[in-house]
Each structure stands twice: as structure tokens, then as C-alpha cells.
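Reader: I'd like to learn how to read a metal site in a model. Can you walk me through it?

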Amino acid sequence: MNSNKNILILTIIAISTLGNQQAKADFVFGEPENLGPTINTAMHEIDPGISWDNLSISFQRGQPDWSGFVEAWIAQRTTKYDPWNDAVGLGPWEDNQGAHDAAILKAMVETMGGIVRGWGTADGLELYTWQDKLGGYGGQDLFVMKRETVDANWGPLLNLGTTVNSSNSDYSFFISPDGLTLYFASYERSGGYGRTDIWITTRATRLNPWSTSTNLGPSVNSSSWDYYPNISPDGLLLFFGSGRPGGFGDTDIWITRRASLSDPWEDAVNLGSMFNTSVDDDTPHISPDGSTLYFTSNRPGGYGGYDIWKASIKPIVDLNGDGIVDAQDMCMIVDDWGTDDPLCDIGPMPWGDGIVDVEDLIVLAEHLFEEIPPVE
Ligand SMILES: [Ca+2]
Ligand SMILES: [Ca+2]
Ligand SMILES: [Ca+2]
Ligand SMILES: [Ca+2]
């Protein structure tokens with residue numbers, strides 16, 4: 001089966017051998033695909049984000065020579081199985097100081113009917129951004145807008161304060177769905193490892209102040225650029241862009257995992273040569289349903305400059321690795337029923353949910369009798 005020959009067996013299998021514990025849900029990436037001409041043009045398209053309902057994609061578009069303002073664009077689709085409709089422009093995304101105006105953020109939320117996962121809380125009541133026009137603590141700072149209900153007006157942009165922001169630039173972020181954990185990149189911050197690093201701040205409830213930010217440490221950060229953190233739906237994988245040595249050229253997408261939400265992040269690994277290229281590959285963004293990894297790249301095969309690309313994420317359903325999904329795999333699930341065996345915890349797609357149950361049988365049934373080439 002040609003499609004299966006193209007499946008990239010990567011990362012998670014490698015990652016599961018790095019730690020003592022197996023990955024919770026093993027999966028593979030499909031071959032990276034360009035999002036096509038409704039999204040990509042000869043100009044630069046960068047930094048994709050998917051709304052919580054999986055029906056809108058936001059991105060920014062810049063001139064080929066990066067002159068003028070980068071603009072905010074949105075494309076939508078009827079269902080998540082449909083192609084993206086023609087993208088529409090919403091106007092300048094940032095001014096020449098890199099400031100993201102509240103007005104464009106509000107317009108984006110209104111047009112999409114929701115918020116991009118990672119940019120705001122799942123309940124739609126908090127929306128985060130970075131900017132430097134409001135006179136923060138230096139360079140760019142992280143800000144939040146809040147509203148009482150999804151129908152209420154947004155309040156003003158509020159600086160997240162000195163436990164989060166530094167005198168240097170604090171920007172590309174990921175807010176957890178519950179709004180209690182914030183990952184972000186900070187430039188040359190004291191205690192870092194060089195250039196930008198990924199930092200974290202937490203709070204006990206939405207009403208508590210943010211804790212003093214801490215560096216994610218040398219298992220994640222490097223002496224080079226480390227930024228655009230993006231967390232998987234189960235909270236156990238962190239994707240990010242990095243320019244560190246050991247990649248395939250310019251920036252690459254890297255990944256780190258943790259065995260549970262309370263475990264430390266393990267050593268980051270590169271997504272591999274079948275995913276990353278000799279040019280820029282970064283701004284990873286997992287769709288809220290966990291089915292797709294979106295990213296930015298200026299690799300060959302696009303429409304010019306930077307384009308938005310995607311790769312599907314598929315569970316490994318040939319549990320015993322004999323080349324076909326069949327009754328033997330189903331028996332393995334039944335044998336492990338009610339346990340947390342990560343091998344059989346393949347559903348819901350693609351991350352599993354910590355228990356072997358009917359969700360896993362459903363995922364397996366969707367792939368029954370598929371022939372799967374052996375993992376090398
Ligand atoms: Ca382009
Ligand atoms: Ca700052
Ligand atoms: Ca760094
Ligand atoms: Ca690269």
C-alpha cells in the first residue's frame with residue numbers, strides 16, 4: 001500500500017526507548033504535505049494556529065521581502081474532513097515594533113467564532129498575546145485579555161507582570177486549556193542557556209497570581225533559539241522549534257516527552273530527517289483533536305517563501321507488529337482490558353487516555369485488515 005510506504009516511523013518509537021517507561025501512546029506521522037493554494041502563495045505564510053472547534057486556521061502573511069506589515073489571515077472549512085476554503089485577510093497583524101493589537105485579535109476571534117488552541121483558554125474567556133507598545137518591562141511582554149462570558153466584550157490588554165515578563169523579549173507562548181500553565185519563549189533571560197529559551201509559569205487557580213517563571217532546563221533548552229512551544233492534547237508531549245546543533249539546518253522541530261504530568265521533561269529529540277529539512281522548519285502546532293501537526297517551512301515544493309505545512313498523526317494499530325491489523329491485535333486489547341498498557345492504549349486517537357477499553361477497540365476497528373509495513 002503506497003500510502004503506508006510513505007508513513008514516517010519516527011520520534012515516538014525513538015523516544016520510548018530513551019526513557020525507562022514506554023510512551024503512553026505510540027503513533028506515527030504521515031508524510032508532510034503543503035496546505036495548498038487556498039492558504040499558501042508566493043508570499044510568506046507563517047505561524048499556523050487551529051481553533052478549538054478544528055474548523056478555522058489562522059496564520060500570518062508577509063511580503064516576499066518582508067517589507068510592510070505582516071497581516072493576519074483566516075481560512076475555514078465546513079467540517080474537519082473538508083479542505084480549507086480560500087483564506088481571508090483581516091488586516092495588519094503587527095506594526096513595525098512587533099506589537100499585536102487588541103483590535104486584530106478581537107476580529108480574529110469574531111471571524112473564527114472561537115480561539116486558537118494555545119492562544120487562549122478552552123472556555124474562550126482568556127486570550128493571550130505579546131506586544132511592546134504598551135510600555136511593559138522591556139522588549140516584548142506577554143499580555144492577556146479577559147471577558148466574563150463568550151458573549152461579553154473583551155477587557156483591556158493586561159500585562160502579566162514581573163513574575164512572567166522580563167526586561168528582554170518575552171513572546172511565543174502556549175497557554176494550557178485550563179489557563180493554569182503558561183509556556184513561553186524569553187530572550188537572553190538571566191538563568192537561560194542562550195538566545196531564546198522556553199520558560200514556564202503556573203498558578204493554582206485563575207484568580208491566583210502567576211508564579212515566578214522557571215526555565216525548562218537543559219533537557220529542553222539549548223544555547224540556540226528554542227521557541228514556539230506547543231503541547232499535545234494529553235499534556236505529555238512538547239513540540240518546539242530550535243536552531244540548536246544536531247539538526248538538519250536552520251531551525252528544526254524538536255520534541256520532548258514526560259511520563260506523566262508531574263514528571264520532568266526528558267531530553268529533547270529531533271523529529272528526524274524525513275520531517276525536518278535544511279531550511280527553516282518551526283512553529284509546530286498540534287490541532288485540538290490531536291490528528292494533525294501543522295508547521296511553517298520554506299522547504300522546496302511549496303508556493304514560494306514560507307508556507308504552512310501539515311503532517312497527519314496516526315496511532316500504531318498493528319499491535320503485535322506482524323504486518324496486518326487483525327483479530328490477534330484485537331485479542332491483545334482484550335487481554336489488556338482495564339489496564340494502562342501503553343501499547344494497547346491507542347484511543348481516543350492518537351494519544352490514548354490511560355486505560356485500555358472500548359475506545360481502543362474502536363480505533364483498531366477503523367484500521368481492521370489494513371496491511372502495515374514492518375517498523376524498521
Ligand atoms: Ca508562501
Ligand atoms: Ca519583556
Ligand atoms: Ca536557547
Ligand atoms: Ca531545518
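Author: Sure, let's start with the calcium ion (ligand 2): its six donor atoms subtend angles of 74 to 174°, which makes the arrangement octahedral. Six donors count as octahedral if opposite donors are over 155 degrees apart and all others between 65 and 115. Ideal angles for six octahedral donors are 90 or 180 degrees.

This is a predicted model: local features need pLDDT of at least 70, side-chain atom pairs count only at pLDDT 80 or more, and totals for chains, interfaces and linings use all residues. Residues are numbered from 1 along each chain as its sequence is written, chains are lettered from A and ligands numbered from 1 in the order in which they are written, and side-chain values use heavy atoms, with hydrogens and water left out.

Reader: Which residues coordinate the calcium ion (ligand 2)?

Author: Donors are N, O and S atoms within 2.8 Å of the metal (3.2 Å for Na, K and Ca); water is not among the atoms, so sites may look incomplete. Here they are Gly138 (O), Gln140 (O), Asp141 (OD), Ser166 (O), Asn168 (O) and Asp170 (OD), at 2.2 to 2.6 Å. Their spacing in sequence is G-x1-Q-D-x24-S-x1-N-x1-D.

Reader: Are aspartate 141 and aspartate 170 buried or exposed?

Author: Buried means under 20% relative accessible area, exposed over 50%, partly exposed in between (1.4 Å probe, protein chains only). Both aspartate 141 and aspartate 170 are buried.

Reader: What are the protein donors of the calcium ion (ligand 4)?

Author: Gly249 (O), Thr251 (O), Asp252 (OD), Thr277 (O), Val279 (O) and Asp281 (OD), lying 2.2 to 2.4 Å from the ion. Aspartate 281 counts as buried at 0% relative accessibility.

Technical notes:
Four donors count as tetrahedral if all angles lie between 85 and 135 degrees; four count as square planar and six as octahedral if opposite donors are over 155 degrees apart and all others between 65 and 115; anything else is irregular.
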